[in-house]
Every structure is written in structure tokens, then in C-alpha cells.
Amino acid sequence: MRPLMIFAAGLGTRMRPLTNDRPKPLVQVAGQTLLDRALDLGRAAGCAPIAVNTHYLGHQIRDHLAGQDVAISDEPQVILDTGGGLRQALPLLGPGPVMTLNPDVVWTGPNPLAALQDAWRDDMDALLALVPLSRAVARLGTGDFAMDAQGRISRQGDYVYAGAQIIRPELLADIPDQVFSLNRLWDLMIARGRAFGMVHPGGWCDVGRPEAIELAQGMLADARV
């Protein structure tokens, strides 16, 4: 059982106009919010505790989660980005490696969080779920990482970070900034040779823009056939 952090504090600017009146995690795909899809993955994988950070229209997320066993890490003044957001939420998550999940993606196939837990080893600082750029539906731009035969990752390759990982948070204490991306942590771990990747074998869609919703719904429908 591993703690899970779901990143839900972003402004959702790429998803406008749908995010003019709601935070992106509350946008629906196939009748279910992106946030609820992320929570379903976490609960099915046995993750606990679960924390969600909030900023833009955060009261809507708090209301949506009312009565559920989910901790809220509010960032009312400044969005702390993924690194700063995870560091602030650590008291809610407890010690040891934690899982993180971006809610603005849709998956088919095996539960990525369960697969990451099965593949985790003590010699890892981070284990990232990856998809080949050729299978990254609605992804714009290039890949993020390369991966060697042992699964170690390096920058600039044809694999896309899929938005789910297990990561050791201890090195967060070495970064003095308040606002920073987990990319800073990954670079430290890559330099140590302790950052690894795991390829997700199922479908994956980046639901960052309104036009991606139809693509994600089509992918889900195909998976049910």
C-alpha cells in the first residue's frame, strides 16, 4: 500500500473555454470527471492515503470530494508546481516512496499504479510510467525520455512521461525554491543512475485540450469492444 498524490492545482489554460467555470480535473470524459477517474485508479491499486492539491477554483474540488477519504493540500496564494506541491503535501502522505498521478490523462489496459508497485525495486529513486511517442494520443511535441536495456531513463528520447510514477521524496529537501517542477528531482535521480521507466502497454490519451476529449472517449469505447 503506497500513498498517492494527485496533482489538481493547475489553471487548465489549454482546456479553455471548458475551464472558464471549473477546474480541469472536474472536466468530464465519457460521463466521469478526470479527477474521479484518477481516484478510481488509486483506490483500485490499493493506494492510501490519497492527497489532492488545489488552487484554481479549489472550492469546487473540495466540494466534490466532501465526505470522501481524500486529504486536501490547498495552495491558495501560489501554485507550487509539481515539486513544490508534492513537498507541501508530504505531511499528509507519510514517509517513504510516494506515488503521483496527473488526472488529465485517460488510460486503458492494466492499472498503471498497480503495475508501478509491482515493478518497484529498492535500487530505484523513481519509476516513471512511459508510453512511446507513437502511441501517445493527443500528445503535442516531442518525447521526454530515452530508456536503456536495464530500464534506466535519460533525457531526450521517444518515450513520453505518462503522468504516473513512484518517487522517493527525500531529495525534495535539497531544493531551496518554493515553486519548482519534479523535473528538478528527476534530473538529480538520472544523474545518480537511479531513475527508471516502465512502458504502459495499454492505451493512453493526453486530455489537455478540449479536442482531446473526443479522442479519449473513442479510445475508451474501442477498449470496451
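Lys and Arg are counted here as positive and Asp and Glu as negative, with His and the chain ends left out. On this basis, the protein carries 20 positive and 24 negative side chains, and the centres of the two sets are 1 Å apart. The structure under discussion is a predicted model, and the values reported below were computed from that model.

The overall dimensions were considered next. For 225 residues, a compact globule would be expected to have a radius of gyration near 17 Å; the protein has 16 Å, and the two values therefore agree. The C-alpha trace spans about 45 × 40 × 30 Å along the principal axes of the protein. Its secondary structure consists of six helices and 13 strands. Of the 225 residues in the protein, 52% are buried. The accessible surface amounts to about 9,800 Å², and carbon and sulfur atoms contribute 51% of this area. Among the contacts with a sequence separation of 6 or more, 72% are made by residues 24 or more positions apart.

Charged side chains were then examined in pairs. Side chains of opposite charge can pair when their charged atoms come close. With a cut-off of 4 Å between a side-chain nitrogen of Lys or Arg and a carboxyl oxygen of Asp or Glu, the count comes to 11 salt bridges. One of these links Arg22 to Asp21, with the closest N and O atoms 3.4 Å apart. Arg22 has a relative accessibility of 30% and so counts as partly exposed; Asp21, at 48%, is likewise classed as partly exposed. A further salt bridge joins Arg121 and Asp123, for which the closest N and O atoms are 3.0 Å apart. Arg121 is partly exposed because its relative accessibility is 37%, and Asp123 is partly exposed with a relative accessible area of 30%. Asp144 pairs with Arg139 in another salt bridge, the closest N and O atoms being 3.0 Å apart. The relative accessibility of Arg139 is 24%, which places this residue in the partly exposed class. In addition, Asp125, Arg168, Arg192 and Arg194 are joined into one network by salt bridges that share partners.

The surroundings of Ile166 provide an example of a buried position. Ile166 belongs to strand β11, which covers residues 159-167. Its relative accessibility is 0%, and the residue therefore counts as buried, given that the class requires a value under 20%. When neighbours within four places in sequence are set aside, the contacts of Ile166 comprise Arg2, Pro97, Val98, Met99, Leu116, Gln117, Trp120, Asp125, Ala126 and Leu127. Gln117 is separated from Ile166 by 49 residues in sequence, while the C-alpha atoms of the two residues are 7.6 Å apart in space. Asp125, a contact of Ile166, is also a member of the salt-bridge network that includes Arg168, Arg192 and Arg194.

Backbone geometry was inspected for cis peptide bonds. The bond from Arg16 to Pro17 is cis, with omega near 10°. Pro17 lies in the loop between β1 (4-6) and β2 (28-29). A cis peptide bond is also present between Ala48 and Pro49, where omega is about -10°. Pro49 is located in the loop between α1 (34-44) and β4 (50-54). With a relative accessible area of 38%, Pro49 is partly exposed. Apart from residues up to four places away in sequence, Pro49 touches Arg2, Pro3, Leu4, Leu92 and Leu93. The C-alpha atoms of Pro49 and Arg2 are 7.4 Å apart, although the two residues are 47 positions apart in sequence. Arg2 thus appears among the contacts of Pro49 and among those of Ile166.

Positive phi angles were found at non-glycine positions. Asp81, which is not a glycine, has a positive phi of about 65°. This residue is found in helix α3, comprising residues 81-93, and is partly exposed with a relative accessible area of 34%. Ala138, also not a glycine, has a positive phi of about 70°. Ala138 is placed in the loop between β8 (126-132) and β9 (145-147). The relative accessible area of Ala138 is 14%, and this residue is therefore buried.

Definitions and conventions:
Residues numbered from 1 in each chain as written. Predicted model: local features only at pLDDT ≥ 70, side-chain atom pairs only at ≥ 80, totals over all residues. Heavy atoms only, no water. Helix = DSSP H or I, 4+ residues; strand = E, 2+ residues; numbered from the N terminus. Rg over C-alpha atoms; globule rule 2.2 N^0.38 Å. Buried < 20%, exposed > 50% of the residue type's maximum accessible area, 1.4 Å probe, protein only. Contact = heavy atoms within 4.5 Å. Areas by Shrake-Rupley, 256 points an atom, 1.4 Å probe, with all protein chains shown as cover. Charge placed at Lys NZ, Arg CZ, Asp CG, Glu CD.
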